[in-house]
Amino acid sequence: MTTPSQTVGPFFGYGLPYEGGSELVPGWRPDAIRVRGRVLDGAGEPVPDALVEIWQADGSGEIPRRPGGLVRAGHDFSGFGRCPTDAAGGYWFGTVKPGPVGEGAPYIAVLVFARGLLKPVFTRLYFPEDGAAHGTDPLLAEVPAERRATLIAEREGEREYRFDIHLQGERETVFLGF
Amino acid sequence: MTDPHPPYLSPGYRSTVLRAPARELVMPKLGPDSVELTSPVFGHQELGRLDNDLTRQHSGEPIGERIIVTGRVLDGAGRPVPDALVEVWQANAAGRYPHLADQHPAPLDPNFTGAGRCLTDADGRYRFVTIKPGAYPWRNHHNAWRPAHIHFSVFGTAFTQRLVTQMYFPGDPLFPFDPIFQSIPRQEDREKLICRFDMDTTVPEWALGHQWDIVLGDTPMEA
Ligand SMILES: [Fe+2]
């Protein structure tokens, strides 16, 4: 029944990205955070033709149920962002730190599409300051201890995080299947 | 049920070799959680009125065969998915994308960009007016050509249902030679990516019509 996936290919750049796709909230907001990182291949080379999408709860842990993912209008938080990687494989998002939803530690759901990926990879970005909550997070408990760090962003500064996504290789990011 | 999707690693498509994850995916015992089981909401106010008509985005008409592509977005149980965002992008009639990285020496069409989007209606139906894209060469192997296709991106009701795929046209002679199409393991699954010519969708004196339904993976909650 299910329609099979195919690669996003190299030419999505004029079709999928849109104005403000990276900026879920304006940078002047006091609760704004910035997440940036690179998408890398199995040789450690940047992937310059990937598309990164995020989906997350708002700062209070509520899952947004209102539009605003395509047209960033004022103060509404839509929870969705989309950023194509640049020549160095880099992407970034301006957003808020999600509050916890249910039992688990706060996280941002991350999807990566790319030329050479016949279907997307799905992962989670957790925050480094939530170490205590990570200890009881049901998903992290299922990830082999030595690979857990691939799901936790690094703090780069006040309200700034780094999250590199390794599609393959020694530091391959943990990807989820459902 | 057999997985209809291609494997990550499909060496005939060379770019998969260094990009396919090599480790086993982690399959959470509890499945996706409430964030992953929801999806962004998109509204009509975020789309332009002509976003689903790729032939009317410029001052003149694009060159090529005008077509209508329509169908329904359905969930695994066959129920329509209303208000689903469907995005498309494609080459022009000559097989050329207006993208800097596209080096194919075929003409650009000043009246055709080739990107569109729409929201499905209450019946889960989307509809685009466009022109039939041309086949184009790529550098995967000697004399490599992609069968004519339209790229589709679809949101379901869960972020885990997110689908990006390509729609092909019936009877394309390039199917057996295309490692992307052939990356799908079973022929019956490949055929789900081929639209169907439909006389009832065809508009007299104006455009040929094609039907293509998109079935999203089961909402994991129901599995
Ligand atoms: Fe293409």
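**Strand pairing and the contact between chains A and B**

In chain A, strand β1 (residues 32-40) and strand β4 (residues 90-96) run antiparallel to each other and are joined by seven bridges. The model described here is a predicted one. Within this pairing, Arg34(A) of the one strand faces Gly94(A) in β4(A). A second partner of β1(A) is strand β8 (residues 160-162) of chain A, and here the pairing is parallel, over three bridges. Arg34(A) appears again in this pairing, with Glu160(A) as its bridge partner in β8(A). Strand β9 (residues 165-166) of chain A also runs parallel to β1(A), and two bridges join them. In that pairing, Val39(A) stands opposite Ile165(A) of β9(A). Both senses of pairing are familiar in proteins: strands of a sheet pair through backbone hydrogen bonds, either parallel or antiparallel.

Chain A also holds an open sheet of four strands, and reading across it gives the order β3-β2-β5-β6, with antiparallel pairing. At its edges lie β3 and β6 of chain A, each of which pairs on one side only. Neighbouring strands of this sheet are turned against each other by 25° on average, direction ignored. Inside the sheet, β2(A) and β5(A) are held in antiparallel register by six bridges. One of the residue pairs to look for is Ala50(A), whose bridge partner in β5(A) is Ala114(A).

Chain B has an open sheet of four strands too, this one in the order β3-β2-β7-β8 and with antiparallel pairing. Its edges are β3 (115-119) and β8 (163-168) of chain B; each has a single partner strand, so one side of each is left without a neighbour in the sheet. The average turn between neighbouring strands here is 20°, direction ignored. Strand β2 (residues 85-90) of chain B pairs with β3(B) in the antiparallel sense over five bridges. In this pairing, Leu85(B) stands opposite Leu119(B) of β3(B).

The next step is to look at how the two chains meet. The size of an interface is often given as the accessible area lost when the parts come together. Between chain A and chain B, the buried area is about 6,400 Å², and carbon and sulfur atoms give 62% of that area. On the side of chain A, the residues that lose the most area to chain B are Gln6(A), Phe11(A) and Tyr14(A), which together make up 13% of what that side buries. The contact draws on 64 residues from chain A and 80 residues from chain B.

Polar and charged groups also take part. There are 34 residue pairs in polar contact between chain A and chain B. The elements of chain A that give two or more residues to the side touching chain B are β2 (50-55), β3 (80-84), β5 (107-114), β6 (121-126) and α2 (138-141). Among them, β5(A) provides the largest share, five residues. By class, this side of chain A has 37 nonpolar, 14 polar and 13 charged residues.

Over all chains the count of salt bridges comes to 26, and seven salt bridges are found across the interface of chain A and chain B. One salt bridge joins the side chains of Arg19(B) and Asp49(A), at 2.9 Å from N to O. Another is formed by the side chains of Lys119(A) and Asp3(B), with an N to O distance of 4.0 Å. This pair crosses between chains: Lys119(A) sits in the loop between β5 and β6 of chain A, while Asp3(B) belongs to the segment before β1 (66-74) of chain B.

Note on methods:
Residues numbered from 1 in each chain as written. Chains lettered and ligands numbered in written order. Predicted model: local features only at pLDDT ≥ 70, side-chain atom pairs only at ≥ 80, totals over all residues. Heavy atoms only, no water. Contact = heavy atoms within 4.5 Å. Buried area = accessible area lost by both parts, 1.4 Å probe. Polar contact = N/O pair within 3.5 Å; in protein donor to acceptor, adjacent residues only side chain to side chain. Nonpolar A, V, L, I, M, F, W, Y, C, P; charged D, E, K, R; others polar. Pairing = 2+ DSSP bridges. Axes fitted to C-alpha atoms, helices over the stretch in contact; angles between N-to-C directions.
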